[in-house]
Amino acid sequence: PESVERVWGLDPSLELQQRARSRAAAAGVEVEFVGLSGEEIPIESEFFDTVVVTYTLCSIPDVSRALGEMARVLKSGGRVLFCEHGIAPDSHVSRRQQAFDPWWSRIAGGCHLTRPVPELLRRAGFQLEELSAAYLPGPKALTYNYWGVARIER
């Protein structure tokens, strides 16, 4: 069985870091926080076993660069565990997502509804080991989600 030895949290938002710090302390988990965006991860190459990404890929300005950094800091065989929302497969929903995206990103902290999460992971060199996708409750244009495991091999 795997065990967690150390947790790092990467987020440019000081407000969200404060929330995460208090939740980590309440849970008794020691976390080292880094106040940067994912486009530049200040860690040596092949350092981590696992990267966890939740509802983040939608709002990173240069998502391809951030995924490249995740691939760089993962050891060979390292995993990305992800839970993200993105572009829906149904054309009538994806057309609405594309229409909503410009104003949605302005009011939702840079969040984009139209990112093709599995494709972005593959382009960054990850192999998808597990992938699930579905609409969650709520407006379909806002609720198409992907979750799974992607692995990097060198």
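**Exercise 1. A pair within one helix**

In this predicted model, find where Glu69 and Arg72 lie and work out how their side chains meet.

*Solution.* Start with the location: Glu69 and Arg72 both belong to helix α2, which covers residues 63–73. Next, look at the spacing, which is 3 residues, or about one turn of the helix. Now turn to the side chains, which meet in a salt bridge with an N to O distance of 2.8 Å. Finally, check the accessibility of each partner. Glu69 has a relative accessibility of 15% and therefore counts as buried, the cut-off for that class being under 20%. Arg72, at 25%, is partly exposed.

**Exercise 2. Salt bridges between distant parts of the chain**

How many salt bridges does a search of the whole structure find? Take the pairs Glu32 with Arg6 and Glu46 with Arg154, and say which parts of the chain each one links.

*Solution.* The search of the whole structure gives 8 salt bridges. One of them joins the side chains of Glu32 and Arg6, at 2.7 Å from N to O. Place the two ends: Glu32 is in strand β2 (residues 31–34), while Arg6 is in the segment before β1 (7–10), so this pair links distant parts of the chain, 26 residues apart. With 32% relative accessibility, Glu32 is partly exposed.

Move on to Glu46 and Arg154, whose closest N and O atoms are 3.1 Å apart in a salt bridge. Here too the pair links distant parts of the chain: Glu46 sits in the loop between β2 and β3 (48–54), and Arg154 in the segment after β6, 108 residues apart. Both ends are partly exposed, with Glu46 at 42% relative accessibility and Arg154 at 48%.

**Exercise 3. Reading the aromatic pairs**

Classify the ring pairs Trp8 with Phe47 and Trp103 with Trp104 from their geometry.

*Solution.* Begin with the count, which comes to 7 aromatic pairs. For Trp8 and Phe47, the ring centres are 6.0 Å apart and the planes are at 85°, so this pair is edge-to-face. Now place the rings: Trp8 lies in strand β1 and Phe47 in the loop between β2 and β3, so the pair ties together parts that are 39 residues apart in sequence. Trp8 is partly exposed at 25% relative accessibility, and Phe47 is partly exposed at 30%.

For Trp103 and Trp104, the centres are 6.1 Å apart and the planes are at 80°, so this pair is edge-to-face as well. Trp103 is partly exposed at 39%, and Trp104 is partly exposed at 21%.

To finish, follow the ring pairs onward: they link Trp8, Phe47 and Phe48 into a cluster. While you are looking at rings, visit Tyr135 too, where the charged end of Lys140 sits over the ring, 4.7 Å from its centre.

**Exercise 4. The surroundings of Asn145**

Is Asn145 buried or exposed, and which residues does Asn145 touch?

*Solution.* First, locate Asn145 in strand β6, residues 144–152. Its relative accessible area is 3%, so Asn145 is buried. Then trace the polar partners of the side chain: there is a polar contact with the side chain of Tyr55 at 2.6 Å, and the backbone oxygen of Thr143 lies 2.9 Å from a polar atom of the Asn145 side chain. Lastly, list the contacts, leaving out residues up to four places away in sequence: Asn145 touches Tyr55, Glu84, His85, Ser132, Ala133, Ala134 and Leu136.

Terms used: Residues are numbered from 1 along each chain as its sequence is written. This is a predicted model: local features need pLDDT of at least 70, side-chain atom pairs count only at pLDDT 80 or more; totals for chains, interfaces and linings use all residues. Side-chain values use heavy atoms; hydrogens and water are left out. Helices (H or I, at least four residues) and strands (E, at least two) are DSSP runs, numbered from the N terminus. Buried means under 20% relative accessible area, exposed over 50%, partly exposed in between (1.4 Å probe, protein chains only). A polar contact is a pair of N or O atoms within 3.5 Å; within protein, one must be able to donate a hydrogen and the other to accept it, and residues adjacent in sequence count only if both atoms are side-chain atoms. Contact means heavy atoms within 4.5 Å. A salt bridge is a side-chain nitrogen of Lys or Arg within 4 Å of a carboxyl oxygen of Asp or Glu. Rings of Phe, Tyr and Trp (its six-membered ring) pair if their centres lie within 6.5 Å; planes under 30 degrees apart count as stacked, over 60 as edge-to-face and the rest as tilted. A charge sits over a ring if NZ of Lys or CZ of Arg is within 6 Å of the ring centre and within 35 degrees of the ring normal.
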